[in-house]
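Hello,

Here is the structure I promised to pass on to you. Have a look at it first, and then read on for what turned up in it.

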Amino acid sequence: MTTLKKPLYLDARSPLEIDVQGPALSVECKDLAPRWYPLARLSRIISRGPVHWSGAALCACMASAVPVLFLNMDGQPAGLCTGSLRRVAGLDEHLETVLAAPDGLERFSDWHRSQEHRLIRHLIHALGWSESPGRPREVARLLQREFQVRHGKDHAERLRWYMSLLAVHARQVLTDAGINPTRVGGESGGLNLGQEITHLAAWSLRGHVLVDRYPLPRGLDHAARGYTTRLERPMTHCLDRLVHHLWRMPL
């Protein structure tokens, strides 16, 4: 029987101390009893605020292939710690070969454009729009108007919590696919792949929120619960499809 893995959100209001105890992470906070989280049951960890990690805890996460993504106080990705990959794939070599070509970045731009058109077509169909509004910029403008009507003027501020969690999710899926973390984070190859894939998957996320009438969160805790229960599965499918389509970039 396969163990269901879940993300762990550490959104600290007061200092947390993270260490490792055998096969589990221990999370301690002043005046509260310690909590333990078996590494085998974690898919990824999101850390924000005064979370103090021991070196042993981070090494245990890397050895267990549990990526740790650090968010700044605005909820934006600030760093990624990853290690052994759950499955070895040749996708990173494929991308390296494509991007090493003189027109490698142009090939990626063409791929990105085709994937954006594909996702927008699905979005338009799901929303029941009778015809395409045209370019992605026009579609984004209409989506913004739709969000404002349904969720008010502060919709962008609240939607960004889901977007931050999507960015974490995208980086996990890409590293799980065997792509070098430096390429995922934009430190090599002149391309921030994590950011680009997050941008594409955001079309799908906005569509699900609108079509299924999900409420917009008012903070990371609320967003984490909503993302895990409502968006984790469809966004995993979307991200897996994007990874599959990365193989289609011509050499």
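Let me begin with a turn. The hairpin of S3 and S4 has five residues between its strands, and aspartate 31 there takes a positive phi near 75 degrees. Please keep in mind that this is a predicted model.

The two strands of that hairpin, S3 (residues 24–29) and S4, run antiparallel and are paired over four bridges. Two of the residue pairs are worth finding on your screen: valine 27 has arginine 35 of S4 as its bridge partner, and serine 26 is matched in S4 with tryptophan 36.

On its other pairing, S3 meets S2, again in the antiparallel sense, this time over six bridges. Here leucine 16 lies opposite cysteine 29 of S3. S2 and S3 also make a hairpin, with two residues between them, and glycine 22 in that turn has a positive phi of about 60 degrees.

Now for the sheet as a whole. Four strands make up an open sheet in the order S4-S3-S2-S6, and the pairing is mixed. The edges are taken by S4 (35–38) and S6 (51–53); each has a single partner strand, so one side of each has no neighbour in the sheet. From one strand to the next, the twist averages 25 degrees.

A helix sits against this sheet. H1 (residues 55–63) packs on it and touches S2 (16–21), S3 and S6, with a direction at about 60 degrees to that of S2. How much of S3 is buried? Five of its six residues are, and S3 is therefore largely enclosed by the rest of the structure.

Further along the chain there is a helix pair to look at. H4 (residues 136–151) and H5 (residues 155–176) pack at an angle of about 105 degrees, and their axes are 10 Å apart. Angles of 65 to 115 degrees count as roughly perpendicular, so that is how H4 and H5 stand to each other. On the H4 side the contact is made by Gln144, Phe147, Gln148 and His151, while H5 contributes His155, Arg158 and Leu159. By character, the residues of this contact are two nonpolar, four polar and one charged.

I hope this gives you a good start with the model.

Best wishes

Note on methods: Residues numbered from 1 in each chain as written. Predicted model: local features only at pLDDT ≥ 70, side-chain atom pairs only at ≥ 80, totals over all residues. Heavy atoms only, no water. Axes fitted to C-alpha atoms, helices over the stretch in contact; angles between N-to-C directions. Parallel < 35°, antiparallel > 145°, perpendicular 65-115°, else oblique. Contact = heavy atoms within 4.5 Å. Nonpolar A, V, L, I, M, F, W, Y, C, P; charged D, E, K, R; others polar. Pairing = 2+ DSSP bridges. Buried < 20%, exposed > 50% of the residue type's maximum accessible area, 1.4 Å probe, protein only.
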